Structure formats: C-alpha cells, structure tokens
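Thanks for coming, everyone. I would like to walk you through one protein chain, starting from a single detail and working outwards to the overall picture.

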Amino acid sequence: DLNVSSHKIDIDGLQDRLNNAAGGNAQSSLALINDTKSAPMSGFFVPFNGHVIANLGQVTIGGKKYSNIAADITNGKSGLTISKLKATLPATTSVGLSGTIADTQNLSGLNINVDAKTADTETLLSTFMAKPPTLPQKIGAASLDGHFVGSLDEMTFDATAGMQGLSLTGK
C-alpha cells in the first residue's frame with residue numbers, strides 16, 4: 001500500500017532540478033508521457049500492483065495546474081479498481097471517475113462511472129489541444145454524467161451530456 005498526501009507537488013520544478021543536475025540531459029517526464037513515436041496503443045500500462053491512496057492539494061505538470069486530487073486505486077490480477085479518482089483541472093473543470101477496468105492496455109472489461117463538468121469548454125480545449133477545432137458557436141459550460149460498460153470496440157452506456165442549456169440522454 002502507498003499513501004500519498006501533499007499540499008503541493010511541482011513536477012515541472014522537480015524536472016528542472018533533475019535536468020540541471022544531469023547537465024541538461026535528463027528526459028522530460030512530460031516527454032515520456034507524450035511519446036507518440038512508440039507503437040500505437042489504445043490503453044495504458046499501470047506500473048504497479050497494489051493499493052494507492054492519494055490526496056494532493058495541487059500538482060503542476062506541463063505548465064498546467066491540477067488541484068483537489070483524491071484517488072483510491074487498486075491494481076492487481078483482476079485489473080484496475082478505481083474506488084475514487086477526482087480532480088479539478090484548468091479552465092474550472094472537475095472530473096470524477098470510479099469503476100473497474102479488467103484490461104487497461106486494451107481498454108476492455110470497462111465498468112466506469114464518469115462525472116465531468118467545465119465552466120468553459122473553449123478554454124479547456126485550448127488548454128489541452130495545440131489547436132482546438134473551430135466551432136460555429138461558443139459552447140461555454142458543459143457536463144457529462146455517465147456509466148460506460150464494455151470495450152472501446154463494443155460499449156454500452158447510459159449517459160447524459162449537457163451544454164448550451166440542452167440536456168441529451170443516451171443509452
């Protein structure tokens with residue numbers, strides 16, 4: 001078990017210090033995360049077996065600040081169990097996730113609940129995309145509340161998305 005609590009973690013600052021100590025030759029942790037030259041993969045690898053509980057006030061990585069991070073995650077033979085994963089992202093965005101993923105590398109065996117809200121979709125898109133799409137009208141606030149089961153190839157869902165005063169529900 002690993003229990004992590006911190007008021008503030010500045011990964012960018014740690015990376016800068018590591019790079020200076022290595023004479024400018026250390027590879028950025030963000031570059032490792034964003035390595036697009038590796039083999040295509042639809043999912044992700046979880047580098048541990050065990051239980052992680054985290055409560056972090058603020059984390060800075062890639063010039064972006066994430067706050068109010070709370071996680072309770074277990075990885076083992078039966079897959080990844082996310083009892084709680086919540087965070088506040090840039091652009092006044094909150095994300096919550098819970099559920100299970102039987103195979104993280106292929107994103108199959110999903111049974112996930114998602115709750116996401118943003119006050120400003122355009123700012124969120126421009127924060128995380130090099131060039132966000134040109135939209136005919138400002139979206140503004142948006143939300144998604146849903147339950148997703150299956151795999152990326154074959155998924156069932158029960159979700160409600162909201163934006164511009166509209167609420168769409170799909171099953």
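Phe 148 has a relative accessibility of 18%, and it counts as buried because that value falls under the 20% limit. I should say at once that we are looking at a predicted model, so please take every number I quote as a computed one.

Which kind of arrangement do Phe 148 and Phe 157 form as an aromatic pair? The two rings are stacked, with their centres 6.2 Å from each other and an angle of 25° between the planes. They count as stacked because an angle under 30 degrees is what that word requires here. Phe 157, for its part, is partly exposed, with a relative accessible area of 38%.

Let me turn to the strands around this pair. Strand 8, covering residues 142-150, and strand 9, covering residues 155-163, are paired in the antiparallel sense, and nine bridges hold that pairing. Two of the partners in strand 9 are worth pointing out on the screen: Val 149 has Thr 156 as its bridge partner, and His 147 has Asp 158. The connection from strand 8 to strand 9 is a hairpin that passes through four residues.

If we carry on along the chain, strand 9 also pairs with strand 10, residues 166-170, again in the antiparallel sense, this time over five bridges. Here Thr 160 is found opposite Thr 169 of strand 10. These two strands form a hairpin as well, with two residues between them, and in the turn Gln 164 has a positive phi of about 50°.

Looking back from strand 8 in the other direction, we find strand 7, residues 108-118, which runs antiparallel to strand 8 and is joined to it by nine bridges. Within that pairing, Leu 110 stands opposite Gly 150 of strand 8. As a general reminder for anyone following the side chains by eye, those of a regular strand alternate between the two faces of the sheet.

Leu 110 leads us to the interior, since it is listed with Ile 73, Leu 80, Ile 82, Ile 101 and Ile 112 as having the most contacts inside the largest nonpolar core, a group of 13 residues. Strand 4, strand 5 (79-89) and strand 7 are the elements that each give two or more residues to this core, and strand 7 gives the most, with three. Ile 101 offers a good view of the surroundings: leaving out residues up to four places away in sequence, it touches Phe 44, Gly 79, Leu 80, Ile 82, Leu 107, Ser 108, Gly 109, Leu 110 and Ile 112. There is also a second, separate core of six residues, among them Leu 56, Val 59, Ile 61 and Ile 69.

Next, please look at helix 3, which spans residues 121-128 and has Thr 121 in it. Is Thr 121 buried or exposed? It is buried, because its relative accessibility of 10% is under the 20% limit. The side chain of Thr 121 reaches the backbone oxygen of Gly 140 at 2.7 Å. Once neighbours within four places in sequence are set aside, Thr 121 is in contact with Ile 139, Gly 140, Ala 141 and Ala 142.

I come back to the aromatic rings, where the count is two pairs. Besides the stacked pair of Phe 148 and Phe 157, Tyr 66 and Phe 128 form a tilted pair, with 6.3 Å from centre to centre and 40° between the planes. This pair links distant parts of the chain, as Tyr 66 belongs to strand 4 (residues 64-76) and Phe 128 to helix 3, 62 residues apart. Tyr 66 is buried at 17% relative accessible area, whereas Phe 128, at 39%, counts as partly exposed.

Finally, the overall picture. The chain has three helices and 10 strands, and in sequence order these follow the pattern β-β-α-α-β-β-β-β-β-α-β-β-β. Of its 171 residues, 26% count as buried, while the chain exposes about 11,100 Å², of which carbon and sulfur atoms supply 57%. Among contacts with a separation of 6 or more, 41% come from residues 24 or more positions apart.

Notes. Residues are numbered from 1 along each chain as its sequence is written. This is a predicted model: local features need pLDDT of at least 70, side-chain atom pairs count only at pLDDT 80 or more; totals for chains, interfaces and linings use all residues. Side-chain values use heavy atoms; hydrogens and water are left out. Buried means under 20% relative accessible area, exposed over 50%, partly exposed in between (1.4 Å probe, protein chains only). A polar contact is a pair of N or O atoms within 3.5 Å; within protein, one must be able to donate a hydrogen and the other to accept it, and residues adjacent in sequence count only if both atoms are side-chain atoms. Contact means heavy atoms within 4.5 Å. Two strands pair if DSSP finds at least two bridges between them. Rings of Phe, Tyr and Trp (its six-membered ring) pair if their centres lie within 6.5 Å; planes under 30 degrees apart count as stacked, over 60 as edge-to-face and the rest as tilted. Accessible areas come from the Shrake-Rupley method with a 1.4 Å probe; for residues, only the protein chains shown count as cover. A nonpolar core is a set of buried Ala, Val, Leu, Ile, Met, Phe, Trp, Tyr and Cys residues joined through side-chain atoms within 4.5 Å.
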